[in-house]
Amino acid sequence: MLLSIHFPSWLKPEIIPGLPVRWYGLMYLFAFATAFFLYRRQIRERRFPMTEDDLSSLFFFGILALLVGARLFSTLIYETSDIYIKKPWLIFWPFQNGKFTGLQGMSYHGGAFAGLLSVIIFAKVKRFSFREISDMFVAGIPLGYTFGRLGNFINAELYGRVTASPFGMIFPNATALPVSEGWVSEIAVKTGIITEGAFVNLPRHPSQLYEAFFEGIVLWAIIWFFRNRKPFKGFLTGLYFLGYGIFRFFIEYFREPDADLGYRIEFVKSNLPPAYTHPLLSFSTGQVLCFLMILFGVIWLIVASRLSDRDVIRIYDEPEKKQTGREEATTQRNRQRKLRKKLR
C-alpha cells in the first residue's frame, strides 16, 4: 500500500504546452493584483488622501524594485558559480539555449527589502507618512505571496526533505537516492514503494504548500486582524517582518538546503545527509536571512513604538468636505477682493 501522494501528472509549468506562458508568471500577476486591491480597499476605508495615479505609481515602482531586488539577491547569494560576474547581462536575460524560461531564480528576502526601500523613497518624495503607507502595504502582501508559492508547487520545485509521513509527495524531478543507503530503503519500505533499481524517488515534504499556508494565509489573517487594532503606527510593518521570519525559519527545517550551498552555520556537525534530516543547530541560507528579518522586525517595533505622532488609525476627511473647504476659501478670497475694491 502506497503511503504517499504522487505529484499530479496533469500539472505542467506551461499553461498551454509549447507556448512561453507559465503558471508561475501568472501566479505573480495574481499576487500583485491581490495586494493592489487589498491596499486600495484600505485607502477607501480610511479615505487616505492618495490618488489613483499615486497608487499606480506606488505599485509600479514597488513591483519593479521587488523584481530587481529578488533577482539580484538570488544571483549574489544563491549562485555559487561566477557566471553572472563574467556575464552580468544574463541576470535579467529570460532565455536559455534559445528557449524562453523566464527569470529562473528569485530571492524573496531580496525582493522584500528592495520593496521596502521603494516604499520609503516613495513616501519621502510624495510626502506621505511612511509608517501609514507601509502598514497598509504589508496588510495585503502575504495573501499575494500565497500565489507565488503555489507557482513553485506547480513547477514542482523547492520541495522539501524526504519524509515517511502521510503528507509526503513524490515530485517527478526530485533527486533519486541510492537504495544502498539504509535510511533510503527503510523509508521506501515504510511508504510502500517498490525499489526495482539502484536508485529510488522518495516522498518529500510539499514545503511550498506549507509556506503558502503559514507565510501566506495565516500571516495575512493575523496582520489583517490587527490592521484596525494596532497599538502604534508602523506596528504592522514590524509584525510582518517578524511573523514571516519566524514562520519561514521553522519551515526551513522541512526543506532540503541547496546542494551547492549546504548549511551556512553548523554548530554541531552531522554525518546524516541533508535530504534526510535537518539538524536543529544547523542553519541554511534561508534561516540566516530569516533571522535577520526577525531581528529587523523586533528593532523596528521598538523604534516605531517610541516615535511621536501616535495617531494610529486616522480616518481622513471625506472628499466632499475637502471640496467644501476649498469652495469656502474661494468664496472668502472673492469677498476680500470685493472689499479691497470698495476701499479703493
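This note comments on selected helices and loop residues of a predicted model.

1. Helix H1. Helix H1 covers residues 23-46, which makes 24 residues. At 1.5 Å a residue these should span 34 Å, and the end C-alpha atoms of H1 are 35 Å apart, which agrees. Just after H1, Arg47 adopts a positive phi of about 55 degrees.

2. Helix H6, length. The 14 residues of helix H6 occupy positions 141-154. The expected span, at 1.5 Å a residue, is 20 Å; the end C-alpha atoms of H6 lie 20 Å apart, in agreement with that value.

3. Helix H6, environment. Of the 14 residues of H6, 10 are buried, so this helix is largely enclosed by the rest of the structure. The buried residues are Pro142, Gly144, Tyr145, Thr146, Gly148, Arg149, Gly151, Asn152, Phe153 and Ile154. Their packing partners are H1, helix H4 (108-126), helix H5 (130-138), strand S4 (169-170), helix H8 (207-226) and helix H9 (235-251). The enclosure of H6 thus involves several helices and a strand.

4. The loop after H6. Ala156 follows just after H6 and is located in the loop between H6 and S4. Its phi is near 55 degrees, a positive value in a residue other than glycine. With a relative accessibility of 5%, Ala156 falls under the 20% limit and therefore counts as buried.

5. Leu158. The loop between H6 and S4 also holds Leu158. Leu158 has a phi near 55 degrees, again positive in a residue other than glycine. Its relative accessibility is 36%, so Leu158 counts as partly exposed, whereas Ala156 counts as buried.

6. Packing of H4 and H10. Two packed helices are described by the angle between their axes and the distance between the axes. For H4 and helix H10 (residues 285-305), the axes come within 10 Å and cross at roughly 30 degrees. Angles under 35 degrees count as roughly parallel, and H4 and H10 are therefore roughly parallel to each other. On the H4 side, the contact is made by Tyr108, His109, Phe113 and Leu116; on the H10 side, by Gly286, Leu289, Cys290, Met293 and Phe296. The residues of this contact comprise seven nonpolar and two polar, with no charged residue.

Definitions and conventions. Residues are numbered from 1 along each chain as its sequence is written. This is a predicted model: local features need pLDDT of at least 70, side-chain atom pairs count only at pLDDT 80 or more; totals for chains, interfaces and linings use all residues. Side-chain values use heavy atoms; hydrogens and water are left out. Helices (H or I, at least four residues) and strands (E, at least two) are DSSP runs, numbered from the N terminus. The expected span of a helix is 1.5 Å times one less than its number of residues. Buried means under 20% relative accessible area, exposed over 50%, partly exposed in between (1.4 Å probe, protein chains only). Contact means heavy atoms within 4.5 Å. Axes are lines fitted to C-alpha atoms, for helices over the stretch in contact, and angles run from 0 to 180 degrees between N-to-C directions. Angles under 35 degrees count as roughly parallel, over 145 as roughly antiparallel, 65 to 115 as roughly perpendicular and the rest as oblique. Ala, Val, Leu, Ile, Met, Phe, Trp, Tyr, Cys and Pro count as nonpolar, Asp, Glu, Lys and Arg as charged, and the others, Gly among them, as polar.
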